[in-house]
Protein chains: 2
Amino acid sequence: MFSISPSTRLRPSPFYEATLADGVCAMTTYNQMLMPTSYGHPEEEYWRIINGVSMWDVAVERQVQLMGPDAGRLAQILAPRDLSKCKIGQGKYVPLCNHNGVLINDPILLKLDEDRYWLSIADSNIWFWAEAIARERGLKVEVSEPDVSPLAVQGPKAETVVASIFGDWVRDLKYFWFRETEIDGIPVAVARSGWSKQGGFEIYLMDGTKGTALWNIVKEAGQPQGIGPGNPNWCERVESGLVSYGGDSDGQTNPFEVRMGKYVDLDLPDDTIGIEALRRIAAEGPKRHQLGVVLDNSEPVKAEFTWNDIDMDGMRIGDMTTCVWSYRMNKNIGFALVATSARPGDRVVVRRAAGAVEGTLCDLPFL
Amino acid sequence: MFSISPSTRLRPSPFYEATLADGVCAMTTYNQMLMPTSYGHPEEEYWRIINGVSMWDVAVERQVQLMGPDAGRLAQILAPRDLSKCKIGQGKYVPLCNHNGVLINDPILLKLDEDRYWLSIADSNIWFWAEAIARERGLKVEVSEPDVSPLAVQGPKAETVVASIFGDWVRDLKYFWFRETEIDGIPVAVARSGWSKQGGFEIYLMDGTKGTALWNIVKEAGQPQGIGPGNPNWCERVESGLVSYGGDSDGQTNPFEVRMGKYVDLDLPDDTIGIEALRRIAAEGPKRHQLGVVLDNSEPVKAEFTWNDIDMDGMRIGDMTTCVWSYRMNKNIGFALVATSARPGDRVVVRRAAGAVEGTLCDLPFL
């Protein structure tokens with residue numbers, strides 16, 4: 001569509017050269033870095049994650065490191081989810097909120113040590129946020145961005161590939177747990193994690209000079225399983241009901257509206273940011289909720305940069321926040337952020353730039 | 001180079017349709033929005049700003065609005081520059097710093113009223129920062145992102161064009177001052193401002209549904225002066241010595257290192273964020289400073305996503321943070337963020353991906 005103008009304001013990933021060599025042809029930006037989004041064969045890239053194994057440059061998932069005697073305290077102040085039982089080597093999905101209970105990121109929190117945590121973030125600046133809170137509260141903790149860049153290996157054959165590299169112990173890793181190790185002298189942390197429901201791992205590279213080396217290790221190890229390059233797959237993630245912070249949320253969205261209520265613990269102490277607002281929202285009930293929408297039309301829609309109005313009975317009830325062609329359902333499917341009065345089964349009209357389309361609301365996930 | 005994948009995580013500008021119609025062909029992202037960077041004729045776009053008048057979609061310069069009884073107090077807490085004499089209708093360039101004196105943005109602050117300010121920001125998330133500080137200090141102020149999108153009109157003929165639209169009063173606007181007005185029912189603020197040294201204005205559109213209408217008003221008014229579409233011009237801004245936050249600064253840069261010391265007032269009260277650190281840095285003297293570098297080679301270099309090491313006498317002394325071909329100097333020129341021991345006139349070696357190039361350090365601006 002457009003070319004991205006090179007600028008030192010945008011940072012390449014440690015895997016940049018490797019992805020160029022493998023033929024990356026479309027990118028997006030995320031946390032002021034470039035992220036590959038296509039190698040030119042979108043459907044092939046999709047089926048690879050569904051049926052096989054795919055490797056993704058997700059270095060854009062930057063780490064916000066909290067280190068020091070108050071690191072755990074700061075983590076709990078930032079996260080409205082109970083972390084008291086989180087063990088070293090364990091990760092947890094946490095909806096970060098501001099003081100009004102509005103979602104500002106949804107990272108995986110990794111506990112590396114009693115005094116060291118990473119927030120493996122979605123696309124918003126949590127360094128500034130964490131730094132502001134830490135300094136304003138006088139906490140003894142350093143907030144930094146360490147040299148850590150995730151490489152995802154996703155799909156039903158991912159475990160075989162990752163086990164062939166690191167050993168069979170990876171098969172015993174529980175979801176979101178991780179272990180620090182190394183491969184050919186390259187320091188990494190291996191986590192069972194990833195932005196798909198097809199299973200897989202994220203290998204956190206801890207030496208940015210070794211991106212090509214790590215990429216090639218994974219690529220070579222995956223040959224018997226037919227590994228190939230891919231990306232955080234927009235189709236698979238919508239089919240699986242995975243939220244994109246910033247894509248499916250706006251500046252007013254709270255966790256309850258986007259199916260994250262189960263990650264909020266309302267009995268946390270009052271010094272947790274947003275907890276009072278979240279208690280109030282929970283008591284009153286959210287005004288919007290997230291459903292799926294299946295469109296009636298049978299031609300794949302084009303991706304757009306904007307949300308689309310959703311109408312029901314001639315009234316606007318909310319927005320379709322994303323829409324993709326589902327290769328498994330042979331339908332256009334999307335997420336609907338709509339008034340809680342709208343229910344699965346309701347018929348709606350989605351106002352796309354290309355024209356209005358009818359559709360039906362449904363529960364999530366689709367598959 | 002690459003196409004940018006459409007995603008609802010990235011927002012289009014109110015001028016998006018108009019820029020498409022005018023043939024935009026390259027973009028970058030900035031504050032999670034798309035920003036046009038070329039209409040296909042880079043040299044023509046450059047000379048238009050130097051000799052004529054150019055119009056730029058800079059809606060990506062988002063506003064962080066501070067509103068409420070403590071808005072002025074919050075502004076002064078955030079900005080290490082004395083705002084006590086700032087008048088309604090006046091703007092000021094302010095280096096925002098964190099508690100360690102590290103630069104986190106360099107907005108124009110606009111005082112709209114005693115209880116309403118805008119920070120017209122560069123590319124980093126200052127909503128989170130301002131919101132965190134406001135809430136943690138219990139200030140009575142609302143931090144929001146209003147529906148405001150700047151359109152720049154830059155170049156020596158800009159004043160003629162803007163005066164023909166709004167009237168001759170714009171000729172009396174002092175630098176960074178602004179006035180709220182309207183044109184054909186479209187609410188705007190007109191400021192003498194802009195990211196070039198060729199003179200010009202930024203028209204802050206205050207109704208996002210009127211982007212195409214405003215674009216066309218400016219385009220039509222500019223026909224006699226040969227107006228055409230352009231962008232924050234990388235060549236002109238380097239020639240003129242204008243800093244790009246995030247492009248020419250890193251996570252350790254303080255204002256003194258990048259020629260912003262004159263915008264820091266060290267005798268501000270202690271509750272100004274970063275002021276103690278800035279006093280210490282000023283007393284000790286910064287470790288790096290920003291100079292120009294003129295390369296010896298005579299072929300235009302390609303833009304890159306990375307800084308380049310600078311060596312002097314076989315030792316690394318810092319980085320070239322950006323580099324462009326200067327159409328007026330017929331040389332490759334760049335910014336050098338180097339040890340303060342390095343001085344104008346010193347010979348250096350810049351380690352580009354395409355190979356090492358020799359060059360000479362110089363004072364800024366180039367022109």
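Visitor: Which side chains meet R9(A) or D123(B) in a salt bridge?

Guide: The two meet each other: in this predicted model, the side chains of R9(A) and D123(B) form a salt bridge with an N to O distance of 2.7 Å, the term standing for a side-chain nitrogen of Lys or Arg within 4 Å of a carboxyl oxygen of Asp or Glu.

Visitor: How many salt bridges are there across the interface of chain A and chain B?

Guide: The rule finds four salt bridges across the interface of chain A and chain B, and there are also 21 residue pairs in polar contact between these chains, both residues being at pLDDT 80 or more. A polar contact is a pair of N or O atoms within 3.5 Å, where within protein one must be able to donate a hydrogen and the other to accept it, and residues adjacent in sequence count only if both atoms are side-chain atoms.

Visitor: Which element gives the most to chain A's side of that contact?

Guide: That is α4(A), with eight residues, and the elements of chain A that give two or more residues to the side touching chain B include β1 (3-4), α1 (16-21), α4 (126-136) and β19 (315-326). Helices (H or I, at least four residues) and strands (E, at least two) are DSSP runs, numbered from the N terminus.

Visitor: And by class, what is on that side?

Guide: The side of chain A that touches chain B has 26 nonpolar, 19 polar and eight charged residues, where Ala, Val, Leu, Ile, Met, Phe, Trp, Tyr, Cys and Pro count as nonpolar, Asp, Glu, Lys and Arg as charged, and the others, Gly among them, as polar.

Visitor: How many residues does the contact take, and what area is buried?

Guide: The contact, meaning heavy atoms within 4.5 Å, takes 53 residues from chain A and 53 residues from chain B. The area buried between chain A and chain B is about 4800 Å², with carbon and sulfur atoms giving 59% of that; buried area is the accessible area (1.4 Å probe) that two parts lose on being put together, summed over both.

Visitor: Switching to chain A alone, what are its domains?

Guide: The assignment, which is automatic or from a database, gives domain 1 (16-61 + 148-237) and domain 2 (287-367) of chain A, and the C-alpha centres of these two domains lie 31 Å apart.

Visitor: What do those two domains bury between them?

Guide: Domain 1 and domain 2 of chain A bury about 760 Å² between them, 61% of it on carbon and sulfur atoms. Y46(A), C235(A) and R237(A) supply 52% of the area that domain 1 of chain A buries against domain 2 of chain A, more than any other three residues.

Visitor: How many salt bridges or polar contacts there?

Guide: The rule finds zero salt bridges across the interface of domain 1 and domain 2 of chain A, while two residue pairs are in polar contact between these domains, both at pLDDT 80 or more. On the side of domain 1 of chain A that touches domain 2 of chain A, α2 (42-51) and α7 (234-239) of chain A each supply at least two residues, and α2(A) gives the largest share, five residues.

Visitor: What does UniProt place at residues 291-366 of chain A?

Guide: An unreviewed UniProt entry places "domain: Aminomethyltransferase C-terminal" there, in the numbering used here and with the feature name shortened, though annotations may be inferred rather than shown by experiment. That span of chain A is 0% helix and 59% strand, and its end C-alpha atoms lie 10 Å apart.

Visitor: Where is P365(A), and what sort of peptide bond joins L364(A) to it?

Guide: P365(A) lies in the segment after β22 (355-362) of chain A, and a cis peptide bond, with omega about -5°, joins L364(A) and P365(A).

Visitor: How are things numbered and filtered here?

Guide: Residues are numbered from 1 along each chain as its sequence is written, and chains are lettered from A and ligands numbered from 1 in the order in which they are written. Local features need pLDDT of at least 70, side-chain atom pairs count only at pLDDT 80 or more, and totals for chains, interfaces and linings use all residues, while side-chain values use heavy atoms, with hydrogens and water left out.
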